[in-house]
Amino acid sequence: MNFKTDSFTYTVEPFDTDFSNNLSWSVLGRRILSTATFHAQKRGFDQLIHEGTPYLWVLSRLVVEIDRWPAVGNTYTITTWVKDRFRQFTTRYFDITDSDGQPYGRALTIWAMINAHTRQPADLNVLFGNTFDHCFDAERPCNIQRSPRIRVESTLPVSSRTAR
């Protein structure tokens, strides 16, 4: 493991599951965001927030691809790293694997820092400069592609399921 990545291991508890006894979407989403938070805090990405400035990190986009779901009792590891920084955004990637290192899935998040008073995005180059460049892992392969904004073409349901 290097300084650019972090991995956190979780266990699927019975109350973390959906009707099929697999990890639920809501718990997976919370664990992805917690993993991002822990990684960012360890590297000081949140330093401006704690110094009393009006800046906040805001999740702009979350893309998740799941090949298979961890079931109740399974452990899974979420590994995260920041791939790059643009003027107003950073991209953070995640690998979700089982205890043998086999993939469950992957995720991508895009984050912006905004000024809480003006609600305008901050220029990360001005705020941070190259301060955190040593934390980015531009060479690490990403198994998920950025997706464009989803355009709704039809509002008719494709299928439905009756809960019993």
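1. Strands 3 and 4. In this predicted model, strand 3 and strand 4 run antiparallel and are joined by 9 bridges. The two strands form a hairpin, with 3 residues lying between them. As one example of how residues face each other here, Val82 stands opposite Arg92, a residue of strand 4. Strand 4, which spans residues 89-98, is mostly covered, since 9 of its 10 residues are buried.

2. Strands 4 and 5. Strand 4 also pairs with strand 5 (residues 103-115), again in the antiparallel sense and over 9 bridges. Phe89 stands opposite Ala112 of strand 5. These two strands form a hairpin with 4 residues between them, and in the turn Gly101 has a positive phi of about 85 degrees.

3. The surroundings of Thr75. Thr75 lies in strand 3 and is partly exposed, its relative accessible area being 31%. Although Thr75 and Tyr10 are 65 residues apart in sequence, their C-alpha atoms are 5.5 Å apart in space. If neighbours within four places in sequence are left aside, the residues in contact with Thr75 are Thr9, Tyr10, Thr11, Thr97, Asp98, Ser99 and Tyr104.

4. Tyr10 and Tyr76. A pair of aromatic rings is described by the distance of the centres and the angle of the planes. The structure holds 4 aromatic pairs, and one of them is formed by Tyr10 and Tyr76, with 5.6 Å from centre to centre and 35 degrees between the planes, an arrangement that counts as tilted. Because Tyr10 lies in strand 1 (residues 6-11) and Tyr76 in strand 3 (residues 75-85), this pair ties together parts that are 66 residues apart in sequence. Is each ring's residue buried or exposed? Tyr10 is buried, with a relative accessible area of 12%, and Tyr76 is likewise buried, with a value of 0%.

5. Trp25 and Trp69. Another aromatic pair, formed by Trp25 and Trp69, is edge-to-face, with the centres 4.8 Å apart and 80 degrees between the planes. Trp25 lies in helix 1 (residues 25-43), whereas Trp69 lies in the loop between strand 2 and strand 3, so the pair ties together parts that are 44 residues apart in sequence. Trp25 is exposed, with a relative accessible area of 54%, while Trp69 is partly exposed at 25%.

6. A salt bridge at helix 1. The count of salt bridges comes to 6, and among them is one in which the side chains of Arg31 and Asp16 meet, at 3.8 Å from N to O. This pair links distant parts of the chain, for Arg31 is in helix 1 and Asp16 is in the loop between strand 1 and helix 1, 15 residues apart. A charged residue need not be exposed here: Asp16 counts as buried, because its relative accessibility is 4% and the cut-off for buried is under 20%.

7. Glu65 and its partners. Glu65 forms a salt bridge with Arg106, and the closest N and O atoms are 3.2 Å apart. Since Glu65 lies in strand 2 and Arg106 in strand 5, the pair ties together parts that are 41 residues apart in sequence. The two partners should be read separately as regards cover: Glu65 counts as partly exposed at 33% relative accessibility, whereas Arg106 counts as buried at 11%. Glu65 and Arg106 also belong, together with Asp67, to a network of salt bridges.

8. Arg68 and Asp98. The side chains of Arg68 and Asp98 meet in a salt bridge, with 2.5 Å from N to O. Arg68 is in the loop between strand 2 and strand 3, and Asp98 is in strand 4, so that the pair links distant parts of the chain, 30 residues apart. Arg68 counts as partly exposed, with 35% relative accessibility, while Asp98 is buried, with a relative accessible area of 11%. Asp98 has been named before, as one of the residues in contact with Thr75.

9. A nonpolar patch. Which residues form a nonpolar patch on the surface? They are Leu33, Leu59 and Leu62, which together have about 200 Å² of accessible area. Leu59 lies in strand 2, which covers residues 55-66, and with a relative accessible area of 32% Leu59 is partly exposed. This value allows Leu59 to be part of a patch, because patches are made of residues with over 30% relative accessible area and no salt bridge.

Conventions. Residues are numbered from 1 along each chain as its sequence is written. This is a predicted model: local features need pLDDT of at least 70, side-chain atom pairs count only at pLDDT 80 or more; totals for chains, interfaces and linings use all residues. Side-chain values use heavy atoms; hydrogens and water are left out. Patches are made of residues with over 30% relative accessible area and no salt bridge: like charges are joined within 9 Å, nonpolar side chains (Val, Leu, Ile, Met, Phe, Trp, Tyr) within 5 Å. Accessible areas come from the Shrake-Rupley method with a 1.4 Å probe; for residues, only the protein chains shown count as cover. A salt bridge is a side-chain nitrogen of Lys or Arg within 4 Å of a carboxyl oxygen of Asp or Glu. Buried means under 20% relative accessible area, exposed over 50%, partly exposed in between (1.4 Å probe, protein chains only). Rings of Phe, Tyr and Trp (its six-membered ring) pair if their centres lie within 6.5 Å; planes under 30 degrees apart count as stacked, over 60 as edge-to-face and the rest as tilted. Two strands pair if DSSP finds at least two bridges between them. Contact means heavy atoms within 4.5 Å.
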